[in-house]
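Dear colleague,

I am passing a structure to you for your files, together with an account of what was found in it. Please look at the sequence and the model first, and then read the notes.

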Amino acid sequence: MAATTTARWVEVHPRNPQRRAIRATVDLLREGGLIAYPTDSCFALGAMLGNREGLERIRTIRRLDARHHFTLVCRDFAQLGQFVRISTPVFRAVKAATPGCYTFILPATKEVPRRLLQPRKRTVGVRIPQHPVVDALLEELDEPLLSSTLILPDTEEPMTSGWEIHERLGHQLDAILDSGECGTEPTTVIDLSGDEPELIRQGAGEGFEW
């Protein structure tokens with residue numbers, strides 16, 4: 001499903017998102033749509049896990065290469081555990097930091113489509129946000145959301161305004177969910193696929209303990 005006109009504008013309450021709006025957005029995702037949505041860190045792009053075209057549209061918008069780690073945004077820890085392999089020490093560290101503004105890079109299970117994996121390491125990013133709109137989306141969707149922070153290739157800062165997203169990317173998206181102000185920093189990204197944690201990006205998440 002490629003956007004042929006301007007994206008649908010969907011205003012939702014930041015603490016109690018309207019169920020009808022959430023259902024309509026999830027229906028669009030299931031039809032192959034690509035959305036921009038708010039999180040506890042900043043706006044992100046989202047598509048269904050199996051949406052090959054949606055993945056390529058995200059790559060095009062952000063000009064990403066094959067080495068980029070995509071993120072599976074999960075509803076809870078049980079869902080996250082279906083898609084990545086976690087040792088006991090990693091389990092404790094990730095559990096203590098979620099939900100929150102962290103993305104963790106971990107070895108993927110066979111549940112993750114190969115095209116989403118980092119080619120060399122066979123890893124994928126996972127995170128559990130703390131945001132009512134995301135919670136509602138994931139509950140209705142009942143599977144992780146393929147996601148990527150909405151940072152355009154010609155900028156260093158993520159997009160934080162729904163109207164700005166609509167003006168710049170409305171013709172490339174199918175819907176934009178706007179709940180007012182959201183975070184202004186991307187997540188902190190930590191690679192936990194090796195023997196020791198590696199900080200990939202310092203962002204909104206602080207105080208991670210290993």
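The notes below take up the sheet, the nonpolar cores, the aromatic pairs and two individual residues.

This is a predicted model, in which local features need pLDDT of at least 70 and side-chain atom pairs count only at pLDDT 80 or more, while totals for chains, interfaces and linings use all residues. Residues are numbered from 1 along each chain as its sequence is written, and side-chain values use heavy atoms, with hydrogens and water left out.

According to the UniProt record, an unreviewed entry, the annotation "domain: YrdC-like" covers residues 19-205; UniProt positions are given in the numbering used here, feature names are shortened, and annotations may be inferred rather than shown by experiment. That span is 29% helix and 22% strand, and its end C-alpha atoms lie 29 Å apart. Helices (H or I, at least four residues) and strands (E, at least two) are DSSP runs, numbered from the N terminus.

The sheet

The model contains an open sheet of 10 strands in the order 1-8-2-3-7-4-6-5-9-10, and the pairing is mixed. Two strands are said to pair if DSSP finds at least two bridges between them. Strand 1 and strand 10 (198-201) are the edge strands, each pairing on one side only. From one strand to the next, the twist averages 30°; axes are lines fitted to C-alpha atoms, for helices over the stretch in contact, and angles run from 0 to 180 degrees between N-to-C directions.

Strand 3 has partners on both of its sides in the strand order. With strand 2 it pairs in the antiparallel sense over 4 bridges, and a hairpin of 4 residues joins the two strands. Ala36 stands opposite Leu45 of strand 3. Strand 3 is also joined to strand 7 by 5 bridges, again antiparallel, and Ala47 has Leu146 in strand 7 as its bridge partner. Of the 6 residues in strand 3, 6 are buried, where buried means under 20% relative accessible area, exposed over 50%, and partly exposed in between (1.4 Å probe, protein chains only).

Strand 7 (residues 145-149) is further joined to strand 4 (residues 71-73) by 3 bridges, and these two strands run antiparallel. Here Val73 stands opposite Leu145.

Helix 6 lies across strand 1, strand 2 (35-38), strand 3 (43-48) and strand 8 (175-178), and runs at about 165° to strand 8.

The nonpolar cores

A nonpolar core is a set of buried Ala, Val, Leu, Ile, Met, Phe, Trp, Tyr and Cys residues joined through side-chain atoms within 4.5 Å. The largest has 42 residues, and those with the most contacts inside it are Leu72, Phe104, Leu150, Ile165 and Leu173. Among the elements that each supply at least two residues of this core are strand 3, helix 2 (52-62) and helix 6. A second, separate core of 21 residues includes Val26, Leu141, Leu145 and Ala175.

Contact means heavy atoms within 4.5 Å. Beyond its neighbours within four places in sequence, Ile165 is in contact with residues including Ala36, Phe43, Leu150 and Leu173.

Aromatic pairs

How many aromatic pairs does a search of the whole structure find? The search finds 5. Rings of Phe, Tyr and Trp (its six-membered ring) pair if their centres lie within 6.5 Å; planes under 30 degrees apart count as stacked, over 60 as edge-to-face and the rest as tilted.

The rings of Trp9 and Trp163 are stacked, because their centres are 4.3 Å apart and their planes are at 25°. Trp9 belongs to strand 1 (residues 8-11) and Trp163 to helix 6 (residues 162-169), 154 residues apart. Trp9 is partly exposed at 23% relative accessibility, whereas Trp163 is exposed at 53%.

Phe77 and Phe91 form an edge-to-face pair, 4.9 Å centre to centre with 85° between the planes. Phe77 is buried at 11% relative accessibility, and Phe91 is partly exposed at 38%. In addition, ring pairs link Tyr102, Phe104 and Phe208 into a cluster.

Two individual residues

Thr25, in helix 1 (residues 19-30), is buried at 3% relative accessibility. Leaving aside neighbours within four places in sequence, Thr25 is in contact with Val10, Ile35, Leu137 and Leu177.

Arg63 is in the loop between helix 2 and strand 4 and is exposed at 66% relative accessibility. Not counting residues up to four places away in sequence, Arg63 touches Ile58 and Pro153.

Yours sincerely
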